[in-house]
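Ready for a few exercises with the model open beside you? Try each task on your own before you read its solution.

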Amino acid sequence: MASKPVAREPIRRNARSNRARILATARQELGRNPDVTLEEIARASGVVRRTLFGHFPGRAALVEALAEEASQALQAAVAGQPDARESPERALARFVLAIWPVGDRYRLLLALARQDLGVERVSEVLSPAREAAAVILERGQRQGVFHGHLPPAVLNAGLEALTLSLLESVNAGAWEDDGTRTAVATLVAAGIAERQAVDVVKAVVSEGPKADRE
């Protein structure tokens, strides 16, 4: 009779727990100080240096893991968007409100973009949101809801830059937002009157996430 294999699931669970804790700590510590060392992250995570390096052999591997985590979170946030049954202005407001928490959680990656990730990798992370926004903006321009003096792709790039700039302002401690002010600013930049933009965002916020209404 063959001997039973040693139960490895507790070890795997412990390893997954350590990895998750290291990533969560890295988000916090890198957000406070982009130059924090891996040794400092290990101490803050409550693990020994060898454990951290067992999961992430270097800084590049750790930052890449955070980028992948952010990419998956962003994909989940935009899943099912946009809804063609919803007016473009409401769809855009809902889109911004959906992605803002992800951007806020991973805004540290903006500070690491040039240093660690590179522009191309950051673009890959943002691509799900960029594609979803393009659909909303193109529909809004066709219906005359958003201004049409810019091509859709250019308008999309401008609104993306606005969101990233506001996230960087949060990074710098110059601004605070739960996403509502950014949603209003995005609608205004897209061509919606400020008063209407405020009302649209309030209405969308009062309804809650789309998943809660289905």
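Two residues are in contact here when heavy atoms of theirs lie within 4.5 Å. Keep in mind as you work that this is a predicted model.

**Exercise 1. The overall fold**

Task: Find how many helices and strands the protein has, and the span of its C-alpha trace along the principal axes.

Solution. Begin with the secondary structure: the protein has 11 helices and zero strands. Written along the sequence, the pattern is α-α-α-α-α-α-α-α-α-α-α. Next come the dimensions, and the C-alpha trace spans about 70 × 45 × 30 Å along its principal axes. Then look at burial: of the 214 residues in the protein, 41% are buried. Finish with the contacts between residues at least 6 apart in sequence, where 70% join residues at least 24 apart.

**Exercise 2. The surroundings of isoleucine 41**

Task: Decide whether isoleucine 41 is buried or exposed, and list what isoleucine 41 is in contact with beyond its neighbours within four places in sequence.

Solution. First place the residue: isoleucine 41 sits in helix 2, which covers residues 38–45. Its relative accessible area is 1%. Buried means under 20%, so isoleucine 41 is buried. Now gather its contacts, leaving out neighbours within four places in sequence: they are Ile22, Thr25, Ala26, Glu29, Leu30, Val36, Leu52 and Leu62.

Pick out Glu29 from that list. Glutamate 29 belongs to helix 1 (residues 9–32). With a relative accessibility of 18%, glutamate 29 counts as buried too. Once residues up to four places away in sequence are set aside, glutamate 29 touches Val36, Ile41 and Ala44.

As a last step, take a residue elsewhere in the chain: leucine 150 is 109 residues from isoleucine 41 in sequence, and their C-alpha atoms are 45 Å apart in space.

**Exercise 3. Helix 4 and its partner**

Task: Work out whether the end-to-end distance of helix 4 agrees with a rise of 1.5 Å a residue, then describe how helix 4 and helix 5 cross.

Solution. Helix 4 runs over residues 59–78 and has 20 residues. The expected span is 1.5 Å times one less than the number of residues, so helix 4 should span 28 Å. Its end C-alpha atoms are 29 Å apart, which agrees. Just after helix 4, glycine 80 adopts a positive phi of about 85 degrees.

Next, note the buried residues of helix 4: Leu62, Val63, Ala65, Leu66, Ala67, Ala70, Ser71, Leu74, Ala77 and Val78.

Now bring in helix 5 (residues 88–105), whose axis comes within 9 Å of that of helix 4, at a crossing angle of roughly 160 degrees. Angles over 145 degrees count as roughly antiparallel, so helix 4 is roughly antiparallel to helix 5. Their crossing is right-handed. Helix 4 brings Ala70, Ala73, Leu74, Ala77 and Val78 to the contact, and helix 5 brings Phe95, Ala98, Ile99 and Val102. Sorted by class, these are nine nonpolar, no polar and no charged residues.

**Exercise 4. Two contacts of helix 9**

Task: Classify how helix 9 lies against helix 5 and against helix 10, and sort the contact residues by class.

Solution. Take helix 5 to begin with. Helix 5 and helix 9 pack at about 140 degrees, and their axes are 9 Å apart. The two helices are therefore oblique to each other, and helix 5 passes helix 9 in a right-handed crossing. On the helix 5 side are Glu89, Leu92, Ala93, Val96, Leu97 and Trp100, which meet Thr180, Thr182, Ala183, Thr186, Leu187 and Ala190 of helix 9. That contact has eight nonpolar, three polar and one charged residue.

Move on to helix 10 (residues 194–207): its axis and that of helix 9 (residues 180–190) come within 9 Å and cross at roughly 135 degrees. Helix 9 and helix 10 are therefore oblique to each other as well, with a right-handed crossing. Thr180, Ala183, Val184, Leu187 and Val188 of helix 9 meet Glu194, Ala197, Val198, Val200, Val201 and Val205 of helix 10. By class there are nine nonpolar, one polar and one charged residue.

Finally, zoom in on glutamate 194 in helix 10. At 56% relative accessibility, glutamate 194 counts as exposed. Its C-alpha atom is 7.3 Å from that of valine 184, which is 10 residues away in sequence.

Key:
Residues are numbered from 1 along each chain as its sequence is written. This is a predicted model: local features need pLDDT of at least 70, side-chain atom pairs count only at pLDDT 80 or more; totals for chains, interfaces and linings use all residues. Side-chain values use heavy atoms; hydrogens and water are left out. Helices (H or I, at least four residues) and strands (E, at least two) are DSSP runs, numbered from the N terminus. Buried means under 20% relative accessible area, exposed over 50%, partly exposed in between (1.4 Å probe, protein chains only). Axes are lines fitted to C-alpha atoms, for helices over the stretch in contact, and angles run from 0 to 180 degrees between N-to-C directions. Angles under 35 degrees count as roughly parallel, over 145 as roughly antiparallel, 65 to 115 as roughly perpendicular and the rest as oblique. A crossing is left-handed if the near helix is turned anticlockwise from the far one by less than a right angle, and right-handed if clockwise. Ala, Val, Leu, Ile, Met, Phe, Trp, Tyr, Cys and Pro count as nonpolar, Asp, Glu, Lys and Arg as charged, and the others, Gly among them, as polar.
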